[in-house]
Each structure stands twice: as structure tokens, then as C-alpha cells.
Amino acid sequence: MRMYNIMVPAVALLALLALAVPAQADQVIYDNGGPDLSGSGASDFSENQQLADDFVLQAGAATITDIHWWGVYYPPLDIPPVDDFTIRIFEDAGGAPATTPLVDLAVGSAVNRSDTGLSFGLGYDVYEYEVDIAPLALSAGATYYLSIVNNTPNAPDFWLWATSSQPGSFWYTGPGLPWYEGNAELAFNLTGPVVPEPASLSLLGLGLAGFALRRFRKR
Ligand SMILES: [Ca+2]
Ligand SMILES: [Ca+2]
């Protein structure tokens, strides 16, 4: 009889854990918004200007596996056949991006680019970009800055990161210069696995303990 009392909760525990821990499909873990079709800022090594925007990740969802963003090209009819993107992540240094990046990824042409069919201004076609990166675990609750910089091959062509809302706060700099604050948000989101918080599992365990105790007392 004692075996019976132990076996039933064990089977129930496995079944409930299977329900409580679904496959870790990637989800959006930080969303700074899609393009608002009202502005953009040059972020191109060939234009000597680089942009960055802040983000904070939550506990249980602080590993980045995909980065998505939007942008346009100047002049609007000169779209380079291949992009040459660099993605960098900076830690916070007193409310602005640090000088040296924490992560520096030359993703180059590994980026998937698609024409959204949207445009604004003088016919700037808006492109969407996506790149998978090796899982990057960051600290939950800490402020970081995502910088995305293209390097278009021809002068005077350059790439611009689309805004997602105005006003807002982003950062820009050039070679040898400090970071300056700009008044907009940039269009991007981050995706990654989301794991259940330990608190939910503890509550589940307590519930099962109560269940087992009640069964035992009945007998
Ligand atoms: Ca260029
Ligand atoms: Ca911002």
C-alpha cells in the first residue's frame, strides 16, 4: 500500500512536468518595435556613423538566438546586392554605451534580407533583416545596447536603421568620438528561448505534496 501512495504522485509529477515544461520554442524576448515609417539614421562604416539602442532582458529569457531589424538605403534606388553587417552589443557605462563592445559579430552576408513592400519619404523601400547567432546569454535586468552597422560598397551609398517611434532614445557615434544621444527608437526585436521560472515549479511541487498527503490521511 505504501508503494501505491508513492507511485501515483510520481506518475502525476512526470505528467504535470511534461505539461509545465513545453518545448523551448524561441519567442520575442525584447521588442523595440517595427518601422514607424517616419525616419531613419545612417549606421554605416562607409558613412563614419554608427547607431546603437538600449535593451533589457528578463529572468528566464536572457539568451539571444535571433536578431531582427529594419532599415533603408540611400540613395533609395541603389540597393547593394549583398550586405556587410556588423552586430555589436555594448554594456552600460553610466547611462550610455561603453567604449568597447562586449560582443562583436561580423555577420556579413549571413543576414536574411527581405523587402517589406513598405516605403516612406522619397521612395525609401523598407527592408527587414534577420540573423541567427550562437546563443548569447546576457544578465537579466542589466541595460545593454545593440549596435547594427552596415558597410555598403559604393560611395556615397549608405544604409540607415529605421526608427520605430519618435521621440525616444538611441545613441550614435563616429570614429574616435564619444556616444551622443538621439531622440528616437530604432526598429528591432530580439528572440530566444524562454524557460519557466523556478517559482512556478516550486508551486507545482508544493501542490503535489499536498495531494500525496491527503491521499495518505484518507487511509
Ligand atoms: Ca557606402
Ligand atoms: Ca531606446
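Let's start with the calcium ion that is ligand 1: its protein donors are Ser46 (OG), Thr152 (O), Thr152 (OG1), Asn154 (O) and Asp157 (O), lying 2.3 to 2.8 Å from the ion. By donors I mean N, O and S atoms within 2.8 Å of the metal, or 3.2 Å for Na, K and Ca, and since water is not among the atoms, sites may look incomplete. Before going on, a word on what we're looking at: this is a predicted model, where local features need pLDDT of at least 70, side-chain atom pairs count only at pLDDT 80 or more, and totals for chains, interfaces and linings use all residues. Residues are numbered from 1 along each chain as its sequence is written, chains are lettered from A and ligands numbered from 1 in the order in which they are written, and side-chain values use heavy atoms, with hydrogens and water left out.

Back to that site. Along the sequence, the donor residues of ligand 1 follow the spacing S-x105-T-x1-N-x2-D. Ser46 and Thr152 are 106 residues apart and link distant parts of the chain: Ser46 is in the loop between strand 2 (40-42) and strand 3 (50-56), while Thr152 is in the loop between strand 9 (143-149) and strand 10 (158-165). Strands here are DSSP runs of E, at least two residues, and helices are runs of H or I, at least four residues, both numbered from the N terminus. So are these two residues buried or partly exposed? Ser46 is partly exposed at 37% relative accessible area, whereas Thr152 is buried at 5%. The cut-offs are under 20% for buried and over 50% for exposed, with partly exposed in between, using a 1.4 Å probe and protein chains only.

Those two loops have some backbone features too. In the loop between strand 2 and strand 3 sits Asn48, whose phi is near 60°, a positive value in a residue other than glycine. In the loop between strand 9 and strand 10 we find Pro156, joined to Ala155 by a cis peptide bond with omega about 5°. Most residues other than glycine have a negative phi, and most peptide bonds are trans. Elsewhere, another cis peptide bond joins Tyr74 and Pro75, with omega about -5°, and Pro75 is in the loop between strand 4 (63-74) and strand 5 (85-91). Leu37 has a positive phi as well, near 55°; Leu37 belongs to the loop between strand 1 (27-31) and strand 2 and is partly exposed at 34%.

Next, the calcium ion that is ligand 2. Which residues coordinate it? They are Asp53 (OD), Asp54 (OD), Ser169 (O) and Glu185, which gives two OE entries, at 2.2 to 2.8 Å. The sequence spacing of these donor residues is D-D-x114-S-x15-E. Asp53 is buried at 0% relative accessible area, but Asp54 is partly exposed at 24%.

Just before that pair comes Ala52, in strand 3 and buried at 0%. Leaving out residues up to four places away in sequence, Ala52 touches Tyr145, Leu146, Ser147, Trp161, Phe170, Trp171, Trp179 and Leu186, where contact means heavy atoms within 4.5 Å. Ala52 and Trp161 are 109 residues apart along the chain, yet their C-alpha atoms are separated by 9.6 Å.

Now the inside. The largest nonpolar core has 33 residues, and those touching the most other members are Phe55, Ile64, Ile67, Trp69, Leu146 and Leu190. A nonpolar core is a set of buried Ala, Val, Leu, Ile, Met, Phe, Trp, Tyr and Cys residues joined through side-chain atoms within 4.5 Å. Strand 8 (residues 124-137) contributes the largest share of this core, five residues. There's also a second, separate core of 10 residues, including Phe120, Leu160, Ala162 and Ala187. Leu146 has contacts beyond four places in sequence that include Asp53, Phe55, Ile67, Trp161 and Leu190.

To finish, the whole chain. It has two helices and 14 strands, and 40% of its 219 residues count as buried. Among contacts between residues at least 6 apart in sequence, 76% join residues at least 24 apart.
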